[in-house]
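Trainee: I should like to examine the grounds on which the terms for this structure are applied. May we take each term with its criterion and then draw the conclusion?

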Protein chains: 6
Amino acid sequence: MNSHELHRELAPKILNFFVITISTSRYEKMIKKEPVVDESGDAIKQEIITAGHKILGYDLVPDNKIKILKAFLNAVDNENVDVIVSTGGTGYSPSDTTVETLRKIFDREVEGFSDVFRMLSYNDPKVKSAAYLTKASAGIINSKVIYLLPGSPSAVTLAMKELIIPEVSHLVYIVRSK
Amino acid sequence: MNSHELHRELAPKILNFFVITISTSRYEKMIKKEPVVDESGDAIKQEIITAGHKILGYDLVPDNKIKILKAFLNAVDNENVDVIVSTGGTGYSPSDTTVETLRKIFDREVEGFSDVFRMLSYNDPKVKSAAYLTKASAGIINSKVIYLLPGSPSAVTLAMKELIIPEVSHLVYIVRSK
Amino acid sequence: MNSHELHRELAPKILNFFVITISTSRYEKMIKKEPVVDESGDAIKQEIITAGHKILGYDLVPDNKIKILKAFLNAVDNENVDVIVSTGGTGYSPSDTTVETLRKIFDREVEGFSDVFRMLSYNDPKVKSAAYLTKASAGIINSKVIYLLPGSPSAVTLAMKELIIPEVSHLVYIVRSK
Amino acid sequence: MNSHELHRELAPKILNFFVITISTSRYEKMIKKEPVVDESGDAIKQEIITAGHKILGYDLVPDNKIKILKAFLNAVDNENVDVIVSTGGTGYSPSDTTVETLRKIFDREVEGFSDVFRMLSYNDPKVKSAAYLTKASAGIINSKVIYLLPGSPSAVTLAMKELIIPEVSHLVYIVRSK
Amino acid sequence: MNSHELHRELAPKILNFFVITISTSRYEKMIKKEPVVDESGDAIKQEIITAGHKILGYDLVPDNKIKILKAFLNAVDNENVDVIVSTGGTGYSPSDTTVETLRKIFDREVEGFSDVFRMLSYNDPKVKSAAYLTKASAGIINSKVIYLLPGSPSAVTLAMKELIIPEVSHLVYIVRSK
Amino acid sequence: MNSHELHRELAPKILNFFVITISTSRYEKMIKKEPVVDESGDAIKQEIITAGHKILGYDLVPDNKIKILKAFLNAVDNENVDVIVSTGGTGYSPSDTTVETLRKIFDREVEGFSDVFRMLSYNDPKVKSAAYLTKASAGIINSKVIYLLPGSPSAVTLAMKELIIPEVSHLVYIVRSK
Ligand SMILES: [Mg+2]
Ligand SMILES: [Mg+2]
Ligand SMILES: [Mg+2]
Ligand SMILES: [Mg+2]
């Protein structure tokens, strides 16, 4: 058994997730009490449930630095939350600020998440070279693990299935070790 | 149609490029009025033309921070320029300063370009592990897209064919959106 | 012959390595005069010898910012040392600080080493998605090349065989050029 | 009339302030429902009222990065708030993190506030050379002005009387101009 | 004779200055061929002449990152220029970007200029507490000394008379030493 | 009694100092076994003794990044050392790198030391405007306090008498508190 295998063995098996969708258009619909379809948020929740973890909360905020920070800080400040996963705001349109905003308050960035995710995305024939247009990332605040995923449902599903679900317990275990 | 496909559909089809070669040896030949062969600059231009885009200008500068900045700023300050592509100065010799110099004035770095380019380079059997010796990058200034490519003709052709031509209209569309 | 092939041709053939193991548990055994097994340090030394290079020195330090800096600075200050390779402290446990500590004193980081190493690690079926949990890196101080590898023997062997031995002479040649 | 005098003339005369006290000991008393004396918070409020401005809200938080950020973000997110003034956490004890925490989310730091405040503090014979032990600062988020003052009542009064009340309308006017 | 006195003795006595005024309103007048009154630019020139130095050039640019960089880079790239002094863009209105823009390309910032200038400004009874609203600075690029002064004529005159003229030869001497 | 007065009361009365002189010319004399006069190092030692503190060690190093780091790290790694004071390398000649080098490894910079020291220097009629040419600083590593003073004996004496001796016990007390 190598150390990765050992850590996976020792890590907590059931984790509490908080899901945050960052989307100005959906937020405005919510404010107007119109029906909101959040395919990517739903995809994240689906993968959490399928893996046997729990969903502790959900928030929907616009692409606004202050609202984004408040949503993440509320989740971080909830002592039962282990993991936060967001969708949206990771691209290069001027309104995309999720990664830049969170990076400022990460205790540590999981700097390898971004390039490994792009490598997998590149191998998806529907994404291919567009893979370099995302800056999806991950980081740690107060021993909680945070994943910042793109807004598209297929990107979210790829990240959850191939990178987050397989390693999240492992990573929570590591960041809480001494 | 996913969002990448939609953006490609909506993006401007013909773009105006500015090409900059950064090479002290070629610059010195030019100053001495000796004939200059710029295989990598020519390869960039060839790919631009083949893709149906236009070349608005070309500059040749030495590996000198001030001269490099002036060349890029002149191109950025030309309101008709959409995209700037440079070749040279992206390695680890002490004279290589293109990426460090431009990074300081990027409004935003397209941080995923570098690793996706290295992944493709690694798969070229003539490059293989030497892929980790480049820091080719991309960035945005004033809604213009800038690509900083290595000095070798094969690297330039790989980047143009596999990453730049397929996504540049898409990226210009995104950075100009709201 | 392309420029990578030419540089490999011109580069110094035999280099002097310094090996540093960063491991609190092994350091404490050493302090207590208990026998220390350092499988990863040994794996690095094995690859250096196999490739025909030389080992100039070895140090074992705990996961402590000051002790780590002192070990690397002693090696850097030895004018006969060409290359320093360390193992340990590159993950996300709170005690892992090797990369953050060295980054502060690198003249330049070889920023592509990290993602290319993760790409290769991802392809190892025993590592797979755990690849994104390392921040192994490389950098340059005073024209000496430094590699910061993870603590596991298999990671160390992968990095040495596939990335370091094939390019280290090339990189030393480049950083000493003008 | 010089431009400083003109700006003071044109600036809004009555501003809405939010006051935040950062003090672990007082926060713990509040949590235990014990009486809390907050002499510095009171001194800030007194100077605001005396100057004819209004107090829109008040919060008391411990020296905790997440709680501090939440308090400031709530105040920033209140569209009626013009100015935020805090007291506490600006020194060099390990628990003092107010300035480091806020700096990360300032759009801009008012970088001259700190040294001018130290100059005035040095001239207070009770402070003298201890002036160099504070990093009181000021900054801007979303066109709101934020002052981070030390925890001592005399420091707070000095800053309010000599630096904040005389210029705050002026500064609000400037940061909202085009 | 202390070392400051010795350096002043050894330093070059006559220096070549380049003056840059950063003012959108004046730039727009110039573009429209209307008469432009530049009281602060004139005050800088007057002090240069009075001190026996020479004026090698002058430029007038708007509060625009690209235009500001181009103006300074042209002056830096002129091998006869020893010192560059600008006026304007050092405050906290959103259009003020001179210091942030130049800082990115300084080889080194003369970090003490800013606070010493604010200390002197505070002692001017017309400025007093407004002193903390400027971020006037100085820096070095390619062994040339650059001063970034506020837009008001009185601030410019204070800086020239009390800080720049007395030390500029000294500083040029130091930055060119080994 | 205000909090500054209380802290001074509670702080340790006798501290162990380590003195480091950074001077290439003196280092070269020492290497050649020529007599070395170190007026500034002596002035620091004199003030330490006069104040009733102790000198635990002394080192003399050239203006060389690696040698400077090694000297400070050795002193920091000595568990009996409370305070480190250096002289030299704080100006703007290309060889002056003390502050830039130490800043990289400070846990925290005492950011107000620099401007308060310049304010006092300005009031010395032999220094006056040359005060803005120093970047003397202070910082904290592993709960030890470090002061980086200029190379001139009069600057060193001013800093020791007016800023360091009066507050150093106070500051040591603060950085070791919780
Ligand atoms: Mg080149
Ligand atoms: Mg370890
Ligand atoms: Mg406190
Ligand atoms: Mg010196």
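Mentor: Let us begin with pairing: two strands pair if DSSP finds at least two bridges between them. Please bear in mind that the model is predicted.

Trainee: How do you know that S4(E) and strand S5 (residues 137-141) of chain E pair?

Mentor: S4(E) and S5(E) are joined by two bridges, in the antiparallel sense. The criterion asks for at least two bridges, so the two strands count as paired. Within this stretch, Glu109(E) stands opposite Gly139(E) of S5(E).

Trainee: Which general principle underlies such pairing of strands?

Mentor: Strands of a sheet pair through backbone hydrogen bonds, either parallel or antiparallel.

Trainee: What is the strand order of the open sheet in chain E, and what kind of pairing does it have?

Mentor: The order is S2-S1-S3-S6-S5-S4, with six strands and mixed pairing.

Trainee: What makes strand S2 (54-61) and strand S4 (108-109) of chain E edge strands?

Mentor: Each of these two strands of chain E pairs on one side only.

Trainee: What makes helix H4 (residues 65-76) of chain E a helix that lies across the sheet, and at what angle does it run to S1(E)?

Mentor: Helix H4 of chain E lies across strand S1 (16-22), S2, strand S3 (83-87), S5 and strand S6 (144-149) of that chain. Its direction is at about 175° to S1(E). Angles run from 0 to 180 degrees between N-to-C directions, so a value of about 175° means that H4(E) and S1(E) point in nearly opposite directions. Helix H7 (residues 153-175) of chain E also packs on the sheet, where it touches S1, S3, S5 and S6 of chain E and makes about 165° with the direction of S6(E).

Trainee: What is the corresponding arrangement in chain C?

Mentor: Chain C has an open sheet of six strands in the order S2-S1-S3-S6-S5-S4, with mixed pairing. Strand S2 (54-61) and strand S4 (108-109) are the edge strands of chain C, each pairing on one side only. S4(C) pairs with strand S5 (residues 137-141) of chain C in the antiparallel sense over two bridges, and Glu109(C) stands opposite Gly139(C) in S5(C). Helix H2 (residues 24-31) of chain C packs on the sheet by touching strand S1 (16-22) and S2 of chain C, at about 90° to the direction of S2(C). Helix H3 (residues 39-50) of chain C lies across S1, S2 and strand S3 (83-87) of chain C and runs at about 170° to S1(C).

Trainee: How do you know that chain C and chain E do not touch?

Mentor: No contact is found between chain C and chain E, and their nearest C-alpha atoms are 15 Å apart. Contact requires heavy atoms within 4.5 Å. Chain B and chain D are likewise without contact, with their closest C-alpha atoms 15 Å apart.

Trainee: Which residues of chain C lose the most area to chain A?

Mentor: In all, 20 residues of chain C contact 27 residues of chain A. About 2000 Å² is buried between chain C and chain A, with carbon and sulfur atoms giving 57%. Tyr92(C), Tyr122(C) and Tyr132(C) lose the most, together 38% of what the chain C side buries.

Trainee: Why is the meeting of Glu111(A) and Arg103(C) called a salt bridge?

Mentor: Their side chains meet with an N to O distance of 2.5 Å. The limit is 4 Å between a side-chain nitrogen of Lys or Arg and a carboxyl oxygen of Asp or Glu, so the pair qualifies. The rule finds three salt bridges across the interface of chain C and chain A. There are also eleven residue pairs in polar contact between chain C and chain A. H6(C) gives the largest share of the chain C side that touches chain A, four residues.

Trainee: How do you know that Arg103(D) and Glu111(F) form a salt bridge?

Mentor: Their side chains are 2.6 Å apart, N to O. That value lies within 4 Å, so the criterion is met. Across the interface of chain D and chain F there are three salt bridges.

Trainee: What makes Asn16(F) and Asn80(F) a polar contact?

Mentor: A polar atom of the Asn16(F) side chain lies 3.1 Å from the backbone oxygen of Asn80(F). The cut-off is 3.5 Å, so the distance satisfies it. Asn16(F) lies in strand S1 (residues 16-22) of chain F.

Conventions. Residues numbered from 1 in each chain as written. Chains lettered and ligands numbered in written order. Predicted model: local features only at pLDDT ≥ 70, side-chain atom pairs only at ≥ 80, totals over all residues. Heavy atoms only, no water. Buried area = accessible area lost by both parts, 1.4 Å probe. Polar contact = N/O pair within 3.5 Å; in protein donor to acceptor, adjacent residues only side chain to side chain.
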